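Please open the model in your viewer and keep the selection panel at hand. The tour goes stop by stop.

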Amino acid sequence: MTAATNKQLMQDLLGRAAAGDRAPYLAAIADDVTMTVTGQYSWAQTFRGKAALLRDLYGHLATLLAEGRRTIPLRFIAENDVVVVEGKGEMRTKAGATYDNDYCLIYRLREGRIVEIREYCDSALTERVLGPFPAERKQPA
Amino acid sequence: MSGAEIMSNAESRAVENETVENKRIIQQVFDALAEGRTQAMLDHLAEDISFVVMGTGSWSRSYDGKAAVLAELFAPLRAKLAGQIILAPLRLIAEGDHVVVQAKGRNMTVDGKAYGNTYCNVIRLEGGLIREWIEYCDTLLIETTLGPPPAARAR
């Protein structure tokens, strides 16, 4: 697939997710995906495999955040199999706190499936609003 | 082939050439930064650059204009770090007037702490110069290792 095709795919998936339909995005994640939350804070680690990603990262976020959370994609930059997405979160915690993080997400695709995700965000905001990542969900190094 | 298609192909080639040239410039800038040399970067900052440190940390804001970037961001940063500032590129992704650089810092503070932040820089060029630089990094690491910039502390 070309850069333009991959970019169009991510625009479609993230546009639909921002509108409330996350199913196509989740379906496009490959079983052998690796997702790395970059940095040195408590959330920073690599989730290996879709099951671990959904259970330990997305699962934990679902316990903290109110329904209706979304990330608005602002800009897409694509080259070959990589698509960079800048986005702005629009979320609230279940306790009522605003959590609007700034994201730069780097996706690598293979035949229309997401095989690698790297997330850069405001870690100070994450720790301050969401607290530390729980030890029982931490991934092996 | 219609006239519109010919124009479209010509425009497409121009965009491809721009992408290749922009990526070459930014690769050159970061290859130098990986060795602690800053001149190539400084030479490519437009006078009206906007440099944005994303997030809610004490260094997070838009630094507008080359003079502000040098005086309010780079100078206080230099005062916090020992020796040359090292920023090594890991991957470049380019399209049109944008080049994205994933990079890793390898630095020490003046009081002897390791400072190895992880960066994603979204850079927009115009006419071979950097007009916009958006830096995503581990903002908590900045707070815990560097602390606030001097101006923020004084406020």
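Start with the contacts inside chain B of this predicted model. Take the contacts between residues at least 6 apart in sequence: 52% of them join residues at least 24 apart. Of the 155 residues in chain B, 31% count as buried. The C-alpha trace of chain B spans about 65 × 30 × 25 Å along its principal axes.

**Stop 1: the elements of chain B**

Colour chain B by secondary structure. Five helices and nine strands appear. Along the sequence, chain B reads α-α-β-β-α-β-β-β-β-β-β-β-α-α.

Now select strands 3, 6 and 7 of chain B. They form an open sheet in the order 3-6-7, and the pairing is antiparallel. Which strands are at the edges? Strand 3 (81–82) and strand 7 (114–115) of chain B are the edge strands, each pairing on one side only. Strand 6 (residues 107–109) of chain B pairs with strand 7 of chain B over two bridges, in the antiparallel sense. Label Asn107(B) and look across to strand 7 of chain B: Tyr115(B) stands opposite.

**Stop 2: where the chains meet**

Show both chains. On chain B, 20 residues are in contact with 19 residues of chain A. Which elements of chain B give two or more residues to this side? Select strand 4 (87–95), strand 5 (98–105), strand 8 (118–126), strand 9 (129–137) and helix 4 (139–146) of chain B. Helix 4 of chain B has the largest share, four residues. By residue type, the side of chain B that touches chain A divides into 10 nonpolar, seven polar and three charged.

**Stop 3: two helices across the interface**

Select helix 4 (residues 123–130) of chain A together with helix 4 of chain B. Their axes are 5 Å apart, and they pack at an angle of about 90°. Angles of 65 to 115 degrees count as roughly perpendicular, so helix 4 of chain A is roughly perpendicular to helix 4 of chain B.

Show side chains here. Ser123(A), Ala124(A) and Glu127(A) meet Thr139(B), Leu140(B) and Glu143(B). The residues of this helix contact divide into two nonpolar, two polar and two charged.

Centre on Ala124(A), in helix 4 of chain A. Is Ala124(A) buried or exposed? The cut-off for buried is 20 or more other C-beta atoms within 10 Å. Ala124(A) has 21, so Ala124(A) is buried. Leaving out residues up to four places away in sequence, Ala124(A) touches Gly55(B), Thr56(B), Gly57(B), Thr139(B), Leu140(B) and Glu143(B). For a distance within chain A, pick the C-alpha atoms of Ala124(A) and Asn101(A): they are separated by 9.9 Å, with the two residues 23 apart along the chain.

**Stop 4: strand 6 of chain A**

Move to strand 6 (102–110) of chain A. Seven of its nine residues are buried. Strand 6 of chain A pairs with strand 4 of chain A over seven antiparallel bridges. Lys88(A) stands opposite Asp102(A) there. Strand 6 of chain A also pairs with strand 7 of chain A, over eight antiparallel bridges. Arg108(A) has Glu116(A) in strand 7 of chain A as its bridge partner.

**Stop 5: the core**

Nonpolar side chains tend to be buried together in soluble globular proteins. Look for the largest nonpolar core here: it has 64 residues. Val84(A), Tyr107(A) and Val100(B) have the most contacts inside it. Strand 6 of chain A gives the most to this core, six residues.

Select Tyr107(A) and its surroundings. Setting aside neighbours within four places in sequence, Tyr107(A) is in contact with Met10(A), Val82(A), Val83(A), Val85(A), Ile114(A) and Ile117(A).

**Stop 6: two turns with positive phi**

Follow strand 6 of chain A into strand 7 of chain A. The two strands form a hairpin with two residues between them. In the turn, Glu111(A) has a positive phi of about 50°, although Glu111(A) is not a glycine. Exposed means 12 or fewer other C-beta atoms within 10 Å; Glu111(A) has 8, so Glu111(A) is exposed.

End at Asn80(A), in the loop between strand 3 (70–79) and strand 4 (82–92) of chain A. Asn80(A) has a positive phi of about 50° and is not a glycine. With 12 other C-beta atoms within 10 Å, Asn80(A) is exposed.

Definitions and conventions: Residues numbered from 1 in each chain as written. Chains lettered and ligands numbered in written order. Predicted model: local features only at pLDDT ≥ 70, side-chain atom pairs only at ≥ 80, totals over all residues. Contact = placed C-beta atoms within 7 Å. Nonpolar A, V, L, I, M, F, W, Y, C, P; charged D, E, K, R; others polar. Pairing = 2+ DSSP bridges. Axes fitted to C-alpha atoms, helices over the stretch in contact; angles between N-to-C directions. Parallel < 35°, antiparallel > 145°, perpendicular 65-115°, else oblique. Core = buried A, V, L, I, M, F, W, Y, C linked by C-beta atoms within 7 Å.
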